[in-house]
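Visitor: I am new to this structure and would like to understand the reasons behind the words used for it. Could you show it to me and take my questions in turn?

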Amino acid sequence: MPDAAAAALAPQAALPARGTLLGFDFGLARIGVATGELETGQASALVTLHDESNDARFKAITKLIAEWRPVALVVGIPTHLDGSEHELTTRCRRFANQLHGRFGLPVFATDERLSSVAAESELSAGNLKGWRQRKAVLDAAAAQIILQTFLDARRHETT
């Protein structure tokens, strides 16, 4: 992924060798969430939050953070293919800032260009043939791709 993958909202905090990360694919209607492990460098889709109100979304995120106890959070930041800002870029950065403010954890931004397209393609190629089946897990799968991209970039930086 291009330049935006290196962008971090907090100063480039050092991550420990071990620990859990939560990754987010922010959307106005849904938020996909994934979990990943620094030691293994692997991400997995976790859940899609369908709550409409900000309070309900953050209540659900609070429960996830209490359960998974992440050392950091990763938020996908959308841009157009040419790298210019997308309509949701500012909203996603605001969401990332809110996560940092509410939970005091380092929050990293990573380029999410085409993550939903890639997730749709993977789900379509798999067992989920119907759009309704795919839609229910699409955002969590996109969050997994976002988090995996972050983990892969981190692995390449350290080698």
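The conversation below goes through the model's confidence, one strand and one helix.

Visitor: What makes you careful about residues 1-11?

Guide: This is a predicted model, and the mean pLDDT of the protein chain is 81, with 74% of its residues at 70 or more. Over residues 1-11, however, pLDDT stays under 50, although the model has 21 contacts beyond four places in sequence for them. Where pLDDT is low, predicted coordinates should not be read in detail.

Visitor: Why is strand β1 called mostly covered?

Guide: A residue counts as buried when its relative accessible area is under 20%, and in β1, which runs over residues 20-26, 7 of the 7 residues are buried. The cover lies on both faces, with Thr-20, Leu-22, Phe-24 and Phe-26 on one side, and Leu-21, Gly-23 and Asp-25 on the other. For the protein chain of 159 residues, 43% count as buried.

Visitor: How do you know that β1 and strand β2 pair?

Guide: Two strands are said to pair if at least two bridges are found between them, and β1 and β2 (residues 31-37) have 7 bridges in the antiparallel sense, so the term applies. One of the partnerships joins Leu-22 to Thr-35 in β2, and the two strands form a hairpin with 4 residues between them.

Visitor: What makes β1 and strand β4 a pair, and in which sense do they run?

Guide: The requirement is again at least two bridges, and β1 has 4 bridges with β4 (residues 72-77), here in the parallel sense. Leu-21, for example, has Ala-72 of β4 as its bridge partner.

Visitor: How do you know that the span of helix α1 is close to what is expected?

Guide: Helix α1 (residues 54-68) has 15 residues and reaches 21 Å from its first C-alpha to its last, while 21 Å is the span expected at 1.5 Å a residue.

Visitor: Why are the buried residues of α1 said to be on the same side?

Guide: The residues in question are Arg-57, Phe-58, Ala-60, Ile-61, Leu-64 and Ile-65, which are buried. They cover an arc of only 160° around the axis, and therefore they lie on the same side of α1. These buried residues pack against β1, β2, β3, β4 and α2.

Visitor: What is carried by the face of α1 turned away from its buried side?

Guide: That face carries Asp-55, Lys-59, Lys-63 and Glu-67, which are exposed, a word kept for a relative accessible area over 50%.

Methods
Residues are numbered from 1 along each chain as its sequence is written. This is a predicted model: local features need pLDDT of at least 70, side-chain atom pairs count only at pLDDT 80 or more; totals for chains, interfaces and linings use all residues. Side-chain values use heavy atoms; hydrogens and water are left out. pLDDT is the predictor's confidence in each residue, from 0 to 100. Contact means heavy atoms within 4.5 Å. Buried means under 20% relative accessible area, exposed over 50%, partly exposed in between (1.4 Å probe, protein chains only). The expected span of a helix is 1.5 Å times one less than its number of residues. The arc is that of the directions from the helix axis to the C-beta atoms.
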